Amino acid sequence: MNKILQLLSFALLCLSFGACTMVTATNEHSDSTASRQNSTATDANLTGYELPLAKDKKNKSLIIRHKGFTLSFNCQTLCPDWVAWCLTKEEATTKKVERTNYFQADTHVPSNCRVEYYDYSKSGYDRGHMVPAADMRWDKQAMEDCFLMSNMCPQHHDLNEGDWNSLEMACRRWAKAEGAIYIACGPIFEEDRQPDRIGRKRIAVPDHFFKVVMTLTPGNERAIGFIFQNTTGVQFMKDCAVSVDEVEKITGYDFFASVPRELQERIEAQADFKEWNN
């Protein structure tokens, strides 16, 4: 029954995206749901609360569901529009598998816009994970999937290894404290200029990155957004914190769209970093 509900949820997601295409990348790991049946995290991982919706119904990105996360891949930028996942306390705590460092192409992406690991070589940019490997240490397949190039964006090394990594570590702390958090992140491209491009496939280099985080802890439901520049230098989390509403205005996505509208409006309008940094 859970699997049926999950498939229905993603079918509704695809309809909401209008012209998008959905690929369920579960043929080689069809135990995705079964592996969580005895987990206290099951309910959180089946809600779909982390999934955003595009306000532009003409969005033609490819929606791909991997183990542990879902992404929207854009064949124009050759980057994900967004990557979304639920991170539970159990997943943030479990260290069942080691980081693989095996980057590979995502065969669920059409060959004409499929990015290979070597497309980043000598570009001056890191293969920047959107779903971090450290969030996927609870499962071997989830770890392998997060190294697919569809989960990568060209990211400045200082950001990748510095402040973005600090935010990823903070998210794992929050997941442990709250029991479960819902996350979506991705690139931002400025509308008034053409992006820089790298590699043989001409991958677009993001100007900024966003991340939105939500907890539904009863009585303490809240959400927060972050926007980081894709550049060198130090960027403190507290200075990059914004409301989810602000990220929605910039990106054109409706985050946490499955959450009741009244609750969305209340928690997405505020961005009190002190509530998360205690």
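What follows is a friendly exchange about how some features of this structure get their names.

Me: What kind of model is this, and how are its residues numbered?
Reply: This is a predicted model, where local features need pLDDT of at least 70, side-chain atom pairs count only at pLDDT 80 or more, and totals for chains, interfaces and linings use all residues. Residues are numbered from 1 along each chain as its sequence is written, and side-chain values use heavy atoms, with hydrogens and water left out.

Me: Why is T88 called buried?
Reply: Buried means under 20% relative accessible area, exposed means over 50%, and partly exposed is in between (1.4 Å probe, protein chains only). T88 has 1% relative accessibility, so it counts as buried. You will find T88 in strand 5 (residues 79-88); strands (E, at least two residues) and helices (H or I, at least four) are DSSP runs, numbered from the N terminus.

Me: What makes the link between T88 and E91 a polar contact?
Reply: A polar contact is a pair of N or O atoms within 3.5 Å; within protein, one must be able to donate a hydrogen and the other to accept it, and residues adjacent in sequence count only if both atoms are side-chain atoms. The side chain of T88 reaches the backbone nitrogen of E91 at 3.1 Å.

Me: Why is strand 3 described as largely enclosed?
Reply: Five of the five residues of strand 3 (residues 62-66) are buried, so the rest of the structure largely encloses this strand. Both faces are covered, with L62, I64 and H66 buried on one side and I63 and R65 on the other.

Me: How do you know that strand 3 and strand 4 pair?
Reply: Two strands pair if DSSP finds at least two bridges between them. Strand 3 and strand 4 (residues 69-74) have five bridges, in the antiparallel sense. One bridge joins I63 to S72 in strand 4. Their hairpin has two residues between the strands, and G68 there takes a positive phi near 95°.

Me: Which residues touch the most other members of the largest nonpolar core?
Reply: They are W85, W174 and F226, in a core of 52 residues. A nonpolar core is a set of buried Ala, Val, Leu, Ile, Met, Phe, Trp, Tyr and Cys residues joined through side-chain atoms within 4.5 Å. Helix 6 (residues 163-178) gives the most to this core, with six residues. A second, separate core of 24 residues includes A223, I227, V244 and F255.

Me: How do you know that the buried residues of helix 8 lie on the same side?
Reply: In helix 8 (residues 244-251), V244, V247, E248 and T251 are buried. They cover an arc of only 105° around the axis (taken from the directions from the helix axis to the C-beta atoms), which puts them on the same side of helix 8.

Me: Why is the pair of F226 and F273 called edge-to-face?
Reply: Rings of Phe, Tyr and Trp (its six-membered ring) pair if their centres lie within 6.5 Å; planes under 30 degrees apart count as stacked, over 60 as edge-to-face and the rest as tilted. F226 and F273 are 6.2 Å apart centre to centre with 90° between the planes, so edge-to-face is the name that fits. F226 is in strand 12 and F273 in helix 10 (residues 273-276), 47 residues apart.

Me: What makes the pair of Y253 and F255 tilted?
Reply: Their centres are 6.2 Å apart and their planes 50° apart, so the pair falls between the stacked and edge-to-face limits. Y253 is buried at 9% relative accessible area, and F255 is buried at 0%.
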